[in-house]
Amino acid sequence: MSDIINLLPEAIANQIAAGEVIQRPASVVKELMENAIDAGATHINLIVKNYGKSLIQVIDNGKGMSETDARMCFERHATSKIKSAEDLFSIKTMGFRGEALASIASIAEVELKTRTEESEVANLIVIKTSEIIEQSYCQAEKGTSIAVKNLFFNVPARRKFLKTDSVELKYITEEFKHIALSYPDVRFKFIHNENEIYNLLAGSVKKRILGLFRKTYEQKLLRVEEETDVLKIIGLIGSPEIARKQKGEQYIFVNNRFVKSHYLNHAISGAYDTLIGDDQFPFFVLFLELDPSNIDINVHPTKQEIKFDDERLIYNYLKVSIKHALGRYSLSPKLDFENENGDIRMSNPNSPNNGPFSSTMASTTRSAPVMRQWQSLYNGMEDKGELQRELDQEDERSNIPKEEYTMPSAASGDLLVETLPLDSEEKEPYQIHNSYIIVQIKSGFFILDQYLAHQRILYEKYLLNLNDGEELIQKQLFPISLQIPKDRVEIFTELAKEMKNLGFDIQSFGGETFVVHGIPSGFNDNNLQDLVDRLIDQYSSNLDLDISKNENLARAMAQSAAIKKGKRLDVEEMRTLVDELFACENPYTSPIGKKCFVNYELSDLEKQFG
Ligand code: ADP
Ligand code: MG
């Protein structure tokens with residue numbers, strides 16, 4: 001038999017490597033931004049067009065590359081970051097494999113402009129499918145600009161695997177956030193389709209967090225700072241009241257590299273314990289530092305998974321540090337958790353001690369158990385010695401899950417309010433401003449937001465239908481046609497299929513036209529177009545959240561179908577709304593976590609007049 005083994009041509013070898021390194025536009029963003037950081041840049045701009053499919057460009061003011069390096073950097077295994085095997089054990093840079101640029105250049109068109117401090121002119125290189133197609137000089141600022149165009153143009157299979165545009169943009173944004181969070185002293189800009197998404201000045205981690213997340217977090221961030229010989233933890237965590245129903249806002253960095261770890265997340269959620277609901281996720285941005293020889297960050301090619309030599313120690317230490325921070329916070333004056341104004345935001349919204357119908361307890365007694373929990377967190381943790389002791393105890397106590405670290409499931413039905421302690425006089429509910437409903441109860445009254453309450457009711461109903469495939473009765477219609485904007489046709493086609501389970505029968509009529517043949521009974525068919533427009537908007541913006549398709553659809557449907565503020569309701573409608581709300585599994589908040597009602601105690605009223 002003749003010899004059959006060949007060496008793969010370089011371009012093909014690179015393409016194969018690209019399969020591992022570059023899975024989606026966000027991977028390019030990560031690699032280019034990491035290179036800019038490695039080059040010592042203090043200003044980094046990310047410019048993206050068409051969700052990364054047409055252009056991903058990173059411009060930095062780092063050290064730039066010489067003429068030869070500008071060519072060399074596209075070769076496989078070309079790196080300036082390690083020279084010998086020993087270097088592998090003391091890596092301080094983000095990259096070191098020398099694979100990224102070679103991979104990218106094999107599956108896209110890349111334009112590189114780069115200039116070093118010493119050089120008067122910049123080098124320009126255009127490369128496509130690993131071949132240099134242009135090389136010349138140009139004018140440019142010191143630093144490097146790399147523009148990646150038409151990613152995956154020669155790998156159709158890869159293109160097919162991409163998710164919807166909004167999901168890809170979400171991945172890109174996440175990569176940007178990871179790097180922006182871990183380098184707060186670098187200035188970053190992110191522009192998508194000419195819109196400036198972020199413009200972040202250099203500053204503290206806290207400033208960076210406020211620049212990337214909600215400004216309202218400002219007063220709600222707690223500092224974490226602990227250090228031992230083995231491990232240092234610094235960062236900020238959200239107070240329990242900004243915990244959210246979606247996981248999104250949780251970031252852990254180990255030696256300044258973003259990592260994903262269910263294990264560590266579990267430790268943190270465990271520290272919040274009953275301060276947040278079982279279905280809530282705390283906000284955190286934490287930086288762990290430890291000797292690199294105690295971790296193996298390379299277990300995953302994209303380097304987000306991590307393995308520690310002593311996992312248990314890290315778990316416990318992290319948990320105790322978070323408890324410590326939460327405990328310190330609990331002692332600060334007047335707390336946001338005091339039940340002033342009869343407001344329900346003080347603690348876990350799912351806590352049985354917390355709604356207007358839960359019991360006849362007065363507001364002061366209601367907050368007591370919460371306060372006690374806070375105090376017990378803090379007790380005996382004043383100094384590092386105590387911390388260590390607490391750690392030891394934690395080690396004995398905790399049964400750290402070994403394999404599955406799933407989050408506890410959503411609030412269970414036990415918290416359901418069985419009977420409404422409505423006032424014996426049975427006053428009728430009363431609507432004000434065609435938006436809020438006032439209901440008198442024994443201990444005072446509560447005010448319900450009709451839009452948010454109805455959202456909750458519909459959301460639970462839809463979710464049940466979607467998850468359990470329970471059939472909804474359908475009402476046949478004289479066909480109504482809908483016009484869907486061109487750029488939404490794709491998403492709506494997907495949605496229409498799912499909406500079948502909710503009792504909608506919607507067919508494509510070609511192009512931008514769809515026809516509705518049936519809707520769920522009890523559903524109002526006037527202004528379907530308006531409802532669908534809103535539905536698509538909601539659904540696409542919810543794509544940025546980490547929620548399942550069913551949950552997204554249920555939420556979006558609830559948001560667009562719920563009765564709006566400004567709608568007048570008769571007494572019967574109001575009663576039904578109140579009854580149905582309190583038959584919900586979680587009557588306290590709307591699907592996106594806003595309060596459905598606010599409770600007022602008589603004693604609060606008395607105080608007002610005191
Ligand atoms: P790695 O980062 O693993 O070394 P890359 O393929 O990402 O591999 O980059 C190859 C080399 O190109 C880097 O080692 C670096 O010397 C150079 N390089 C890449 N991007 C930049 C940049 N933005 N500024 C300066 N040098 C860069
Ligand atoms: Mg790199």
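The following questions and answers walk through the packing in this predicted model.

Student: Which helix gives the largest share of the largest nonpolar core?

Tutor: The core holds 61 residues. L32, L46, F74, V148, L151, F176 and F188 touch the most other members. The largest share, seven residues, comes from helix α2 (residues 25–38).

Student: From which domains does this core draw at least three residues each?

Tutor: F74 and F176 are among the residues of this core that touch the most other members. The core reaches the three-residue mark in each of two domains: domain 1 (10–203) and domain 2 (207–328).

Student: Which residues is F74 in contact with, leaving aside its neighbours within four places in sequence?

Tutor: F74 is among the core residues that touch the most other members. Beyond those sequence neighbours, its contacts are L101, A102, A105, V110, L112, I125 and I127.

Student: How many residues are in the other core, which lies apart?

Tutor: Y451, Y462, L463 and V516 are among its members. The total for this second core is 38 residues.

Student: Are α2 and α6 roughly parallel or roughly antiparallel?

Tutor: Helix α6 spans residues 165–182. It packs on α2 at about 20°, with the axes 8 Å apart. Angles under 35 degrees count as roughly parallel. The pair α2 and α6 is therefore roughly parallel.

Student: Which residues of α6 make the contact with α2?

Tutor: α2 passes α6 in a right-handed crossing. On the α2 side, the contact uses P25, A26, V29, K30, M33, E34 and I37. On the α6 side, it uses E168, Y171, I172, E175, F176 and I179.

Student: How is α6 oriented to α7, roughly parallel or roughly antiparallel?

Tutor: Helix α7 covers residues 205–212. The two helices pack at about 155°, with axes 9 Å apart. That makes α6 and α7 roughly antiparallel.

Student: Which α7 residues meet α6?

Tutor: The crossing of α6 and α7 is right-handed. From α6 come F176, K177, A180 and L181. They meet R208, I209 and L212 of α7.

Student: Is H192 buried or exposed?

Tutor: H192 sits in strand β7 (residues 187–192). Setting aside neighbours within four places in sequence, it contacts V48, K49, N50, Y51, L169 and I197. Its relative accessible area is 6%, and under 20% counts as buried. So H192 is buried.

Student: And F478, buried or exposed?

Tutor: F478 lies in strand β19 (residues 474–483). Its relative accessibility is 75%, and over 50% counts as exposed. F478 is therefore exposed.

Student: How far apart in space are F478 and V516, C-alpha to C-alpha?

Tutor: V516 belongs to the 38-residue core. In sequence, F478 and V516 are 38 residues apart. In space, their C-alpha distance is 8.4 Å.

Definitions and conventions:
Residues numbered from 1 in each chain as written. Chains lettered and ligands numbered in written order. Predicted model: local features only at pLDDT ≥ 70, side-chain atom pairs only at ≥ 80, totals over all residues. Heavy atoms only, no water. Core = buried A, V, L, I, M, F, W, Y, C linked by side-chain atoms within 4.5 Å. Buried < 20%, exposed > 50% of the residue type's maximum accessible area, 1.4 Å probe, protein only. Helix = DSSP H or I, 4+ residues; strand = E, 2+ residues; numbered from the N terminus. Domains from an automatic or database assignment. Contact = heavy atoms within 4.5 Å. Axes fitted to C-alpha atoms, helices over the stretch in contact; angles between N-to-C directions. Parallel < 35°, antiparallel > 145°, perpendicular 65-115°, else oblique. Left-handed = near helix turned anticlockwise from the far one by under 90°.
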